[in-house]
Amino acid sequence: ACGTVALLHSVVNNLDSIPLKDGALKEFIEASSTKTPEEIAENLEASNSICSSHDDAAREGQTSAPGRDDSVDYHFVAFVRVEDELYELDGRKPGPINMGKTTKESFMNDAAKACQEYMRRDPENI
């Protein structure tokens, strides 16, 4: 599910350049706009359409997907640009982590540098 959450963060933080069509994702995002993070998490867990889309996407992957309740040893985070700051969004941490300045043009390189730093610190956990 953390992959789905990372994708949601990526989309929500780029709505200025990602036009959404009518559907479950657009409805979820619009319904979440005035909610607290806790309320959004509850709505996400209760959303049959988002959960169904997540399950469908997982089945299309190149490897077999674990069950929804299986314990797994991997995790996804998202990097987003907000007001020319690079943020790491990681559900295991208490809030966004400001990784420093970025621009629209340098965002991909800046996020890649952050990823490379994580890989350098822990090359056995890639």
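**Exercise 1.** Determine which residues make up the largest nonpolar core of this predicted model, and which helix gives the most to this core.

*Solution.* Begin with the membership: the largest nonpolar core consists of five residues, namely Phe79, Leu86, Phe107, Ala111 and Ala114. Next, turn to the helices, where α5, spanning residues 107-121, gives the most to this core, with three residues. Finally, take Phe79 and set aside its neighbours within four places in sequence: the residues in contact with Phe79 then include Leu86, Phe107, Ala111 and Ala114, and also Met99 and Tyr118. As background, in soluble globular proteins nonpolar side chains tend to be buried together.

**Exercise 2.** Describe how strands β1 and β2 are joined, and what the turn between them looks like.

*Solution.* First, note that β1 (residues 78-82) and β2 (residues 85-89) run antiparallel and are joined by five bridges. Then locate a facing pair, for Val82 stands opposite Glu85 in β2. Last, look at the turn of this hairpin, where two residues lie between the strands and Glu83 has a positive phi of about 50°.

**Exercise 3.** Find the salt bridge between Arg120 and Glu117, and decide whether each residue is exposed or partly exposed.

*Solution.* Start with the distance: the side chains of Arg120 and Glu117 meet at 2.6 Å, N to O. Both residues belong to helix α5, where they are three residues apart, about one turn of the helix. For the accessibility, exposed requires over 50%, so Arg120, at 57%, counts as exposed, whereas Glu117, at 31%, counts as partly exposed.

Terms used
Residues are numbered from 1 along each chain as its sequence is written. This is a predicted model: local features need pLDDT of at least 70, side-chain atom pairs count only at pLDDT 80 or more; totals for chains, interfaces and linings use all residues. Side-chain values use heavy atoms; hydrogens and water are left out. A nonpolar core is a set of buried Ala, Val, Leu, Ile, Met, Phe, Trp, Tyr and Cys residues joined through side-chain atoms within 4.5 Å. Buried means under 20% relative accessible area, exposed over 50%, partly exposed in between (1.4 Å probe, protein chains only). Helices (H or I, at least four residues) and strands (E, at least two) are DSSP runs, numbered from the N terminus. Contact means heavy atoms within 4.5 Å. Two strands pair if DSSP finds at least two bridges between them. A salt bridge is a side-chain nitrogen of Lys or Arg within 4 Å of a carboxyl oxygen of Asp or Glu.
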